[in-house]
Amino acid sequence: KKAAEMSLAFDEYGRPFIILREQARQSRIRGVAATKANMLAARAVAKTLRSSLGPKGMDKILQSPDGDVTVTNDGATILEQMDVEHQIAKLMVELSKSQDNEIGDGTTGVVVLAGALLEQAEFLLDKGIHANRIAEGYENACKLACDNLAKINSTVEFSVDNLEPLINVAMTTLSSKIVSRCKREMAEIAVRAVLAVADIAHKDVNLDLI
């Protein structure tokens, strides 16, 4: 039976290789179908993190192959523990890692946002718009969004005697963490740690010293 399911062939250099009948019947997906398949894999990763987003986001219980259990709603931690094999889905994992390395926060948000953009892009693909055109549209939208953010931004004024603005900023980043119940105390500790190594005159902070 196994002999009927496979056949032996040789390449031009005389090296043998086996051809499986199931492989012979398979065909590579191309064009829009391949694009949608890649988008589906990336959206699956984003969907996994969607329920963990925001102050009311739910924690996830992760179990490693060794049996270690991790309870977290941090996007970077969840993706790090996931065994992702699809190459496009791995890009979502790398996106979260880059956000964590550069900013240290927003690891869940960037993945969920990317998933939402891909979801809307699929509607445009169904209308016959080329993927390159969709990408160009997103780039233009990003520029417009950045320009508008530059127009509406505001400067947080603070002094050594008035740290309340900084503490309020720090508290907003702790609302979805496990320490949210004592975020005031944690925010004060974080602000004092930063100011201890900050060069206020030159507006520079060496975070490696914290």
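How many of the 210 residues of the chain count as buried? The share is 20%. Keep in mind as you look around that this is a predicted model. Its chain has 9 helices and 6 strands. Among contacts in the chain with a separation of 6 or more, 36% join residues that are 24 or more positions apart.

Let's begin with helix H6, which runs over residues 107-126. You can check its length yourself. A helix is expected to span 1.5 Å times one less than its number of residues, so the 20 residues of H6 should cover 28 Å, and the 30 Å between its end C-alpha atoms agrees with that. Just beyond the helix, look for Gly-128: H6 is followed by this residue, and its phi is positive, near 95 degrees.

Which residues of H6 are buried? They are Thr-107, Thr-108, Val-110, Val-111, Val-112, Ala-114, Gly-115, Ala-121 and Leu-125. What covers them includes four other helices: H3, H4 (75-81), H5 and H7 (131-152).

Thr-107 is a good residue to zoom in on. It belongs to helix H6. Its relative accessible area is 3%, and buried means under 20%, so Thr-107 is buried. Which residues does Thr-107 touch, once those up to four places away in sequence are set aside? The answer is Asp-74, Gly-75, Ala-76, Ser-96, Gln-99 and Asp-100.

Three of those partners, Ser-96, Gln-99 and Asp-100, lie in H5 and take part in its contact with H6. So let's turn to that pair of helices. H5 and H6 pack at an angle of about 140 degrees, and their axes are 8 Å apart. Angles over 145 degrees would count as roughly antiparallel and those from 65 to 115 as roughly perpendicular, so H5 and H6 are oblique to each other. Their crossing is right-handed. On the H5 side, Met-92, Leu-95, Ser-96, Gln-99 and Asp-100 meet Thr-107, Val-110, Val-111, Ala-114 and Gly-115 of H6. By class, this contact has 5 nonpolar, 4 polar and 1 charged residues.

H5 (residues 87-102) also packs with H3 (residues 31-50). Here the angle is about 40 degrees, and the axes are 7 Å apart. Angles under 35 degrees count as roughly parallel, so H3 and H5, too, are oblique to each other. The crossing of H3 and H5 is right-handed. In H3, the residues Asn-38, Ala-41, Ala-42, Val-45 and Ala-46 meet Ile-88, Ala-89 and Met-92 of H5. This contact has 7 nonpolar residues and 1 polar one, with no charged residues. Did you spot Met-92 in both places? This H5 residue meets H3, and it is also part of the contact with H6.

To finish, let's visit a strand. Val-205 lies in strand E6, made of residues 204-205. Is Val-205 buried, exposed or partly exposed? Its relative accessibility is 33%, and partly exposed covers what falls between under 20% and over 50%, so Val-205 counts as partly exposed. Leaving out residues up to four places away in sequence, Val-205 touches Val-194, Val-197 and Ala-198. Leu-195 is 10 residues from Val-205 along the chain, and the C-alpha atoms of these two are separated by 8.2 Å.

Note on methods. Residues numbered from 1 in each chain as written. Predicted model: local features only at pLDDT ≥ 70, side-chain atom pairs only at ≥ 80, totals over all residues. Heavy atoms only, no water. Axes fitted to C-alpha atoms, helices over the stretch in contact; angles between N-to-C directions. Helix = DSSP H or I, 4+ residues; strand = E, 2+ residues; numbered from the N terminus. Left-handed = near helix turned anticlockwise from the far one by under 90°. Contact = heavy atoms within 4.5 Å. Nonpolar A, V, L, I, M, F, W, Y, C, P; charged D, E, K, R; others polar. Buried < 20%, exposed > 50% of the residue type's maximum accessible area, 1.4 Å probe, protein only.
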